[in-house]
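Student: I have a new structure open and don't know where to begin. Can you walk me through it?

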Amino acid sequence: MECRHCASPLEKPGDFCLVCREANADAVVLDVTRDRTTMTMLEDEDVVGETTITTVPEDGDEAEVVELRNYAGLIADDIRRKRPEEVYAAGDREVVRAVRAELHYPFYRVDGDDPVGTVRERRDDRALDVVETPPAEKIGGSHTTLIGGRTGMRVIQTVAGHPHVKKVIPGPIDAGGKGSQSGLRAKVTRADDGGNVRLLLRDGSSVQENRIVTTARDRETGELVREDLNDVLAEAEFQ
C-alpha cells in the first residue's frame, strides 16, 4: 500500500506515513477471537486496509498469561503504527480488555456480527469532544465518601477515565436498600435529555447514585457513552 498523501510505500496497510507525517487511517476496528484478530482500517467511512494477527492459545496458568499478553501486545503494536483517532473492538472480552490496557486512544466496544458495518454507521454519532483531564481531577462535589472503599474508588476512577466523561459527582449514600451478598456492583443508567448519565453503586444494603457529566449533546449520544461505560465496567468485572 502507498501513502494516500505522498505515495510513499507503507510497510503495512493504513500505517502512519513517516515521510510526509500524515495518517492513512483515522479509525481501527478489531474483530477479536481468542486466536485470531482481524484489524480493519477506516478513513472516514472508507475501508483502506485490513490485516490479521493470530496466536496459538497456551494451556496452563503461567503460559496462558504470557501468551495472552504477547497476543494483546502484537495487536496494540499494530494499532500504534496507524496512530488512529479511535479504536473499536468486538469479540473476546479477555483479549479486548488486554488490548485496551495497552493503548491510550479513545477505545469503544461494538457488538454484532458485522463490527465494521456497525462502526461505519455509527461514527458520525461518535463525534464527541474528548476530555484530556486526568481521571482523579474529574471527581468532585460535596460528597466525598464512596461506598465500597477502595473498590468503589476504582470504579469511579474507571468511569472518570473514559474520554467522553467530563466530571463524576458522587452523591449521598442510602443505606436503606435491600441487602446483597454479591459485593460491590456498578451500573450506568439511561441517559437524560442532555446526554448525562448516573452511576449506581450497590454494596450490601447501601446504594449510591453518582452523577456523570459527559460530552454527549443529547439522549441518543449519551446512550452511546452509557453503553461504553457499562462495557468498561463489565470488562473490569464490576458488574
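Tutor: Start with a charge and a ring: the charged end of R83 sits over the ring of F16, at 4.1 Å from the ring centre. Keep in mind that this is a predicted model.

Student: Okay. What about ring against ring, how many aromatic pairs are there?

Tutor: The count comes to one aromatic pair. The partners are Y88 and Y108, with ring centres 5.3 Å apart and planes at 35°, so the pair is tilted.

Student: Where in the chain are Y88 and Y108?

Tutor: Y88 is in strand β4 and Y108 is in strand β5, residues 107-109. They are 20 residues apart, and the pair links distant parts of the chain.

Student: Are Y88 and Y108 buried or exposed?

Tutor: Both Y88 and Y108 are buried.

Student: Switching topic. How many disulfides are there?

Tutor: The count is zero. C17 is in no disulfide, and the nearest cysteine sulfur, that of C20, is 3.7 Å away.

Student: And why no bond for C20 with its closest cysteine sulfur?

Tutor: The closest cysteine sulfur to that of C20 is in C3, at 3.6 Å, which is too far for a bond. The cut-off for a disulfide is 2.5 Å between the sulfur atoms.

Student: Which of the terms buried, partly exposed or exposed fits C17, and which fits C20?

Tutor: C17 is buried, with a relative accessible area of 2%. C20 counts as partly exposed, because its relative accessibility is 25% and buried means under 20%.

Student: Now the interior. Which residues have the most contacts inside the largest nonpolar core?

Tutor: They are V155, V159, L199, L201, L229 and L233, in a core of 22 residues. Helices α4 and α5 and strands β6, β8 and β9 each supply at least two residues of this core. The largest share, four residues, comes from α4.

Student: What other core lies apart from that one?

Tutor: Another core, of 21 residues, lies apart from it, and V28, A76, V87 and A89 are among its members.

Student: Back to V155. Where is V155 found, and what does V155 touch beyond its neighbours in sequence?

Tutor: V155 is found in helix α4, residues 149-160. Leaving aside neighbours within four places in sequence, V155 is in contact with L184, A186, L199, L201, L233 and F238. V155 counts as buried because its relative accessible area is 0%.

Student: How far apart are V155 and L184?

Tutor: V155 and L184 are 29 residues apart in sequence, and their C-alpha atoms are 9.4 Å apart in space.

Student: What does L199 touch, again leaving aside neighbours within four places in sequence?

Tutor: The contacts of L199 include V155, I156, V159, A186, I212 and L233. Q208, E209 and N210 are also among them.

Student: Another helix, then. How many residues of α3 are buried?

Tutor: Six of the eight residues of α3, residues 115-122, are buried, so the helix is described as mostly covered. The buried ones are P115, V116, G117, T118, V119 and R122.

Student: What covers the buried residues of α3?

Tutor: The cover includes strands β1, β2, β3 and β4, along with helix α5.

Student: Last one, D26. Where is the place of D26, and is D26 buried or exposed?

Tutor: D26 is in the segment before β1. D26 is buried, with a relative accessible area of 9%. Beyond its neighbours within four places in sequence, D26 is in contact with L42, E43, D44, P84, E85, E86 and R123.

Definitions and conventions
Residues are numbered from 1 along each chain as its sequence is written. This is a predicted model: local features need pLDDT of at least 70, side-chain atom pairs count only at pLDDT 80 or more; totals for chains, interfaces and linings use all residues. Side-chain values use heavy atoms; hydrogens and water are left out. Buried means under 20% relative accessible area, exposed over 50%, partly exposed in between (1.4 Å probe, protein chains only). Contact means heavy atoms within 4.5 Å. A nonpolar core is a set of buried Ala, Val, Leu, Ile, Met, Phe, Trp, Tyr and Cys residues joined through side-chain atoms within 4.5 Å. Rings of Phe, Tyr and Trp (its six-membered ring) pair if their centres lie within 6.5 Å; planes under 30 degrees apart count as stacked, over 60 as edge-to-face and the rest as tilted. A charge sits over a ring if NZ of Lys or CZ of Arg is within 6 Å of the ring centre and within 35 degrees of the ring normal.
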